[in-house]
Structures are given as structure tokens and as C-alpha cells.
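Reader: I would like to learn how to read side-chain features from a set of coordinates. Please take them one by one.

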Amino acid sequence: MDLELDRAAKTLSVAKHVVVFSGAGVSAESGVPTFRASDGLWEGHRIEDVATPEGFANDPDLVWAFYNGRRENVGRVTPNPGHAAIAQLESLIDRVTVATQNVDGLHLVAGSTTVYELHGSLRETRCLACREIKNRGLEELGTQPICPSCGGRLRPNIVWFREQLPHQTWAYAEAAVTSCDVFIVVGTSAVVYPAAGLISLAKSVGAVVIEVNLTPTNASGYADICLYGPSGMVLPKVVERLRRLSTSE
Ligand code: OAD
């Protein structure tokens with residue numbers, strides 16, 4: 001592990017643009033549950049019922065109650081040392097972009113400044129009538145929230161199964177990846193597309209791919225450097241080594 005940590009730090013020390021592609025694992029140590037539990041349920045619910053457009057059409061109150069629960073949970077948690085380490089990269093590398101599948105907003109809370117939330121955000125609502133997207137923070141919304149601009153019904157601004165990613169956000173993320181020289185993939189099982197396609201895109205443009213995860217994943221075949229362990233432990237070690245390299249120059 002020590003050798004791999006050194007290789008990662010050395011690689012980052014000459015990087016001009018790093019993209020960090022994250023998934024639920026990066027927030028696990030903050031107390032946000034990951035997705036792929038063995039019982040096929042998501043916090044006690046069938047995914048079809050709470051994370052599809054059909055589920056919302058059938059029972060919007062249930063879907064809002066579910067997302068209000070997730071919003072409440074996010075209000076109780078804080079970024080962990082993994083998020084902090086990613087934010088600290090910005091003081092050590094010319095350009096850092098975060099493309100995340102997470103909807104918890106913890107990269108932003110930790111201080112990362114360029115964050116593309118590919119699957120939406122728990123803090124945002126979208127109006128079904130006027131389409132306005134609004135950041136409502138974590139305020140109490142109830143189960144039948146109404147658009148403050150037009151009175152239409154609101155939904156969570158989350159990408160559900162079978163829905164497309166937000167067009168502009170995805171375009172920015174793809175553009176960032178095509179110009180990066182190091183790509184860190186952290187805490188994702190890398191099975192959900194199109195997001196996971198960013199990994200092969202990074203490889204195809206010649207970026208060095210570093211994987212941080214508890215175990216090998218679908219991303220491992222693309223990885224040049226594999227760091228297996230909790231991201232809240234591994235990433236601070238990488239940043240510490242990188243900092244030592246930068247100050248010894
Ligand atoms: P998953 O739950 O599929 O994968 C989480 C990954 O994090 C696994 O590979 C774990 O090994 C790893 N992991 C867990 N704890 C970790 C830790 N402390 N440090 C490092 N790694 C750790 O979550 P995602 O890959 O994010 O999409 O799932 C992708 C998408 O699937 C989600 O964004 C969501 C879901 O469907 C939508 O809602 C559209």
C-alpha cells in the first residue's frame with residue numbers, strides 16, 4: 001500500500017488537471033448509506049417505488065416522504081476526511097474538478113469549488129409545470145410542496161432510474177474529463193451508466209486512473225494505481241504525501 005500511495009502522490013505532483021469521480025462510498029464514513037445492499041431494498045423501499053418517475057406518479061407522498069427522510073439525514077451528517085482531502089487537492093494542483101454521483105452535497109460542504117452533481121441534488125426541487133430548479137437547502141418541504149414561482153407541483157431534482165442525466169452538467173463533466181491528466185475514481189461500484197462511462201473516457205484520453213475503494217470494482221480494469229481501503233483514510237494519506245512532495249521542491 002505504501003508504494004502505491006507514493007506512486008499516487010508522485011503522479012498527482014505533476015498533474016495539471018485532476019478529475020475526481022465519486023460515488024456513495026466516499027460518503028459512507030459520514031453515515032450516508034451506499035446503494036447496493038444485498039436485500040435489493042433501499043432503506044426498506046423497493047427502488048421502483050421511490051426512485052422512478054412511475055413510482056412518483058403512483059404515490060408522490062411516499063416519494064416525498066422518502067426524500068424528506070434522506071434530506072433530514074444529510075442535515076445530520078458532515079463531510080469526512082475523504083471529502084476534506086479532495087477539497088484540499090485544490091491548494092496543491094492547478095485545476096481540480098469533482099464529478100459526483102452523490103446527491104448529498106457533501107463535496108460542496110467540504111469546500112470543493114467545481115462540483116458537477118451528475119445525479120442531481122437532495123437540496124434542489126424541480127417544478128413539474130414551469131421546470132424551475134431551485135436550491136431549497138434542507139428546509140422542511142412536506143409531502144406536497146408547491147412551486148413558489150408558479151404554484152405547480154414540485155419533485156426532487158434527482159435523476160431517477162430510466163431518466164437522463166442533466167444535459168449541461170453531463171456536458172461539462174465530459175469536457176472536464178477529456179482535458180484531465182489524472183482521474184481519481186473513488187467509492188463507486190462503477191456499474192451505473194452513463195456516469196461510469198467517464199472512467200473509460202478518462203482512460204481513452206490518456207489520463208492516469210487511480211482507484212480508491214474498499215475492494216476491486218468494475219473500474220479496476222482501467223486503473224493504473226489501486227488504493228484499497230476506506231477513502232476517509234486513504235485520501236488524506238495521498239494528500240499528505242503530495243504536500244510533502246510539493247514543499248520539498
Ligand atoms: P454503490 O453503493 O453501488 O457503490 C458504493 C461503492 O463504494 C462500493 O464499490 C463500495 O465498495 C465502496 N465503498 C463503501 N464504503 C467505502 C469507503 N469507506 N471508502 C471507499 N469506498 C467505499 O454506489 P454508487 O457506485 O455511487 O444513482 O452507485 C451509483 C449510482 O447507483 C448512484 O448514484 C445511484 C444508484 O442507482 C441514482 O440514483 C441515479
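Author: The turns below go through a helix, the cysteines, the aromatic rings and the salt bridges. Keep in mind that this is a predicted model.

Reader: Which residues of helix α9 are buried?

Author: An α-helix has 3.6 residues a turn, so residues three or four places apart point the same way. In α9, which spans residues 197-204, the buried ones are Leu198, Ile199 and Ala202. They lie on the same side of α9, because the arc they cover around the axis is only 105°.

Reader: What covers the buried residues of α9?

Author: The cover includes the strands β1 (17-22), β4 (95-100), β9 (182-186) and β10 (208-213), together with helix α8 (167-178). After α9 comes Gly206, with a positive phi near 90°.

Reader: How many disulfides are there?

Author: A disulfide is a covalent bond between the sulfur atoms of two cysteines. The cut-off here is 2.5 Å between the sulfurs, and the count is zero. For Cys147, the closest cysteine sulfur belongs to Cys127, at 3.8 Å, which is too far for a bond. Cys147 is buried, at 4% relative accessibility. The sulfur of Cys226 has its closest cysteine sulfur in Cys180, 17 Å away, again too far for a bond. Cys226 is partly exposed, at 22%.

Reader: How many aromatic pairs does a search of the whole structure find?

Author: The search finds five. One pair is Phe66 and Tyr67: the ring centres are 5.1 Å apart and the planes stand at 85°, so the pair is edge-to-face. Phe66 and Tyr67 are both buried. They belong to an aromatic cluster with Phe56 and Trp160. Over the face of Trp160 lies Arg155, 3.9 Å from the ring centre.

Reader: And the salt bridges: how many does the structure hold?

Author: There are 11. One of them joins Glu4 to Arg7, with the closest N and O atoms 3.0 Å apart. Glu4 and Arg7 are three residues apart in helix α1 (residues 2-13), so about one helical turn separates them.

Reader: Which salt bridge links distant parts of the chain?

Author: Arg162 pairs with Glu48, the closest N and O atoms being 3.1 Å apart. Arg162 sits in the loop between β8 (154-158) and α8, and Glu48 in helix α3 (residues 47-50), 114 residues apart. Arg162 is exposed at 58% relative accessible area, while Glu48 is partly exposed at 36%.

Reader: Where do Asp224 and Lys203 lie?

Author: Asp224 is in the loop between β10 and β11 (225-228), and Lys203 is in helix α9, so their salt bridge ties together parts 21 residues apart in sequence. Their closest N and O atoms are 2.8 Å apart.

Terms used:
Residues are numbered from 1 along each chain as its sequence is written. This is a predicted model: local features need pLDDT of at least 70, side-chain atom pairs count only at pLDDT 80 or more; totals for chains, interfaces and linings use all residues. Side-chain values use heavy atoms; hydrogens and water are left out. Buried means under 20% relative accessible area, exposed over 50%, partly exposed in between (1.4 Å probe, protein chains only). Helices (H or I, at least four residues) and strands (E, at least two) are DSSP runs, numbered from the N terminus. The arc is that of the directions from the helix axis to the C-beta atoms. Contact means heavy atoms within 4.5 Å. Rings of Phe, Tyr and Trp (its six-membered ring) pair if their centres lie within 6.5 Å; planes under 30 degrees apart count as stacked, over 60 as edge-to-face and the rest as tilted. A charge sits over a ring if NZ of Lys or CZ of Arg is within 6 Å of the ring centre and within 35 degrees of the ring normal. A salt bridge is a side-chain nitrogen of Lys or Arg within 4 Å of a carboxyl oxygen of Asp or Glu.
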